[in-house]
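Colleague: Could you take me on a close look at a single part of this model? I'd like one helix and the sheet beside it, please.

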Amino acid sequence: MEELAKLSGVSKSMLAQVERGDGNPTLSTLWKLSNGMKVPFDALTVRPKEPYEIVKISEIQPLSEDNGRVKNYSLFPDDENRRFAVYYLELEPESYWQSEPHLRGTTEFITVFEGTIEIVADGQYFLVARGESIRFRGDTVHSYRNAGEETAVLHMILYNP
């Protein structure tokens, strides 16, 4: 536990809570843990494998940030045979989320379906509106902010080479 705390930057007390099932870790905490263990984020949230799968957002417990104003639904988690993961996100007006760096070499692909988001990646600001997509390096600190007055809805694909 001490070594994982050093590798991830997550306190031993939080690790103990997560291990016991008592804690409710944030997205940032889970990203730190996955990076510390050098495993894809979804290795921590994988669902059973089936030959086919219909995913209903209404049946997925989202991971949340910014006091629940950012909801992240893991639609298709990464695994050892698939080098990508697919997410559905909802960002309420004025919400903000700063993501920890993903595994080295990770690329993010985002398509906005509703609203407008501001993404900061590698120190550059990008405004991405409905019907637009962006690709950027996900292995550095990056952030998302709802820059509009309505809930922003987007799909995110994380590609892990």
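**A helix and its sheet**

Modeller: Happy to! This is a predicted model, and a good place to start is the pairing of strand S1 with strand S2 (residues 70-76), which is antiparallel and runs over three bridges. Within that pairing, Ser64 stands opposite Lys71 of S2. Both strands belong to an open sheet of six strands, with antiparallel pairing and the order S1-S2-S3-S10-S5-S8. At its edges are strand S1 (63-65) and strand S8 (133-137), each of which pairs on one side only. On average, neighbouring strands in this sheet are turned by 25° against each other, direction ignored.

Now to the helix. H3 lies across S1, S2, strand S3 (84-91) and strand S10 (152-159), and runs at about 115° to S1. Helix H3 (residues 27-37) is largely enclosed by the rest of the structure, because nine of its eleven residues are buried. Those buried residues of H3 are Leu27, Ser28, Thr29, Leu30, Trp31, Leu33, Ser34, Asn35 and Gly36.

Let's pick one of them, Thr29, which lies in helix H3. Its relative accessibility is 14%; buried means under 20%, so Thr29 counts as buried. If we leave aside neighbours within four places in sequence, Thr29 is in contact with Val10 and Met14.

One last detail for when you follow the chain onward: just after H3, Lys38 takes a positive phi of about 60°.

How values were computed:
Residues are numbered from 1 along each chain as its sequence is written. This is a predicted model: local features need pLDDT of at least 70, side-chain atom pairs count only at pLDDT 80 or more; totals for chains, interfaces and linings use all residues. Side-chain values use heavy atoms; hydrogens and water are left out. Buried means under 20% relative accessible area, exposed over 50%, partly exposed in between (1.4 Å probe, protein chains only). Helices (H or I, at least four residues) and strands (E, at least two) are DSSP runs, numbered from the N terminus. Contact means heavy atoms within 4.5 Å. Two strands pair if DSSP finds at least two bridges between them. Axes are lines fitted to C-alpha atoms, for helices over the stretch in contact, and angles run from 0 to 180 degrees between N-to-C directions.
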